[in-house]
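Good morning, and thank you for joining this short presentation. I should like to introduce a structure that is new to this group.

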Amino acid sequence: MTEQTKQRLRERFEQILAAQYKKATTISDIEQIALDIGGQIKQAATEEVGQEAQEIDPQRESETTRGAESFQRATRVCCPGCQGNAWFKMQRVRSIQTLAGMLTLERAYYHCKKCQKGFCPLDTRLGLEQGSFYSPALAQEICALSASMPYELAMQTLARLTKVVVSGRSAQRLATGLVAQIVSDFVDQREEQMLPLAYLPEEKIPQELPEPEVLYLQADGIHTPMEDGSWKEMKVAVVRAEYFDGREMMPSHYISHLGEAATFGKHWEALALSCGSLKSKCLVVIGDGATWIWNLASTHFPRAVQILDFYHASEYVSAVARAVFGEQEAQKSAWLASRLHELKHSHWSSFWFALAELNQPTLESLVSLRTYFSHHASRMEYASYLKRGLCIGSGLAESSCKRIVSDRLKGSGMHWSVLGAEVIARLRGFFLGGEWDVFQAFWNARPRRGDTSPL
Ligand SMILES: [Zn+2]
């Protein structure tokens, strides 16, 4: 900060302090007066520091002589698109909302005839995002709150806590515009970095990747209400790293995708690789009967043990018990308990013998049980999984769907665009998976493009 800026700030602080404040008699008075002074000082600082930053603009041409004329505006600058000449057109005013207050900038606007594009060099230098009214720090707070609760409520909370007023609609526009792009770049970058690792020889696998003892890979789908009144399946994957004794090694990580299984599979694999799937001693995929889950498991995690969720398997046995025993509760539950015990401990001969004993080979529920069990036989060796200390339920996938999707996207009257649903679900995943800081660092390090709107 220059001495001139400091001097201007001192004068403004004096003015702020010269105002009449009532005498504080309660803790609430003290708090209120301190907040008022703090707010005014923050706004003054934003304006003065902003003024100083603005003085770098207008740009000086290299041939302009130093001294008094050094602030002479350049009539032309180098176009970032074609490296040719872009000519000065006008001064343009732009307002930026920050966590510290409103900043109004007047900057020189240049236009390149060849590219048919205009830009303000100062925007790029200040790291302002094209078309965004918010500083990155404020935009990140807007996102964090919007991922947690409905847009309107989120922005009411923001206003209460920070005095920064943003409408729910603006928060939504930010999420589905700039933020959707950043989130998608973040996910793409992980894929670019991670997916090639799967083809590396063992000694070349980066040291810094985690080394879980057991890595559980679970996925599930959940219907999400769309704005055209239809429902679309959001696929959610969760990756949980554990020690052999079942303790969690790091927070579970999440990724979601509203669309094709093939694209989702790549996201899932990249996430698993980042959680150390190449180094884990045991890799396990647990899922329900959905075909897409097992197809993806075979494609992306060929060395994983595949386990059919025990609860889904047991539901087929329950259906048979209901059909056979009807209202005879005692007999029904005794029979069911024995079958589930056999299922869990892989006592297959007694299990199939008991089913044959029912002597109802054409019973509909029994036919579907046979089909389902024969299809998933290799994923139902529960005794051996339990002996190895592995989990046999997909509860984690189901609770992840609830936390990522239901808790935010299925509120009453909510309807989503594909982009809107996906960006919010992913932001929630970053939050719940402890990845928010990594995402924020990616956002802050990202090159910004400034204003290149056509004249
Ligand atoms: Zn150009």
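Allow me to begin with a term: two strands are said to pair if DSSP finds at least two bridges between them. With that in hand, please find Gln 97, which stands opposite Met 102 in S3. What joins strand S2 to strand S3 around such positions? There are 11 bridges between strand S2, residues 85-98, and strand S3, residues 101-112, and the two strands run antiparallel.

Before going further, I must state that this is a predicted model. Its mean pLDDT is 90 for the chain, and 94% of the residues reach 70 or more. There are stretches to treat separately. Over residues 60-70 the pLDDT stays under 50, and the model has seven contacts for them beyond four places in sequence. The pLDDT is also below 50 over residues 451-455, a stretch with 15 contacts in the model beyond near neighbours in sequence.

Let me return to the sheet. In general terms, strands of a sheet pair through backbone hydrogen bonds, either parallel or antiparallel. Here we have an open sheet of four strands in the order S1-S2-S3-S4, and the pairing is antiparallel. Which strands form the edges? They are strand S1, residues 76-78, and strand S4, residues 117-119, each of which pairs on one side only. On average, neighbouring strands of this sheet are turned by 45° against each other, with direction ignored. A helix also packs on the sheet: helix H2, residues 27-54, touches S2 and S3. The direction of helix H2 makes about 20° with that of S3.

I turn now to the chain as a whole. Its secondary structure comprises 16 helices and nine strands. How many domains does the assignment give, and where are they? It gives domain 1, made up of 3-13, 31-58 and 73-126, and domain 2, covering 311-387. The centres of domain 1 and domain 2, taken over C-alpha atoms, are separated by 71 Å.

Finally, the overall dimensions. Along the principal axes, the C-alpha atoms of the chain fill a box of roughly 100 × 65 × 45 Å. The chain has a radius of gyration of 30 Å, whereas a compact globule of 455 residues would have one near 23 Å. Of the 455 residues, 32% count as buried. Among contacts in the chain with a separation of 6 or more, 65% come from residues 24 or more positions apart.

Key: Residues numbered from 1 in each chain as written. Predicted model: local features only at pLDDT ≥ 70, side-chain atom pairs only at ≥ 80, totals over all residues. Rg over C-alpha atoms; globule rule 2.2 N^0.38 Å. Buried ≥ 20, exposed ≤ 12 C-beta atoms within 10 Å, placed from the backbone. Contact = placed C-beta atoms within 7 Å. Domains from an automatic or database assignment. Axes fitted to C-alpha atoms, helices over the stretch in contact; angles between N-to-C directions. pLDDT = per-residue confidence, 0-100.
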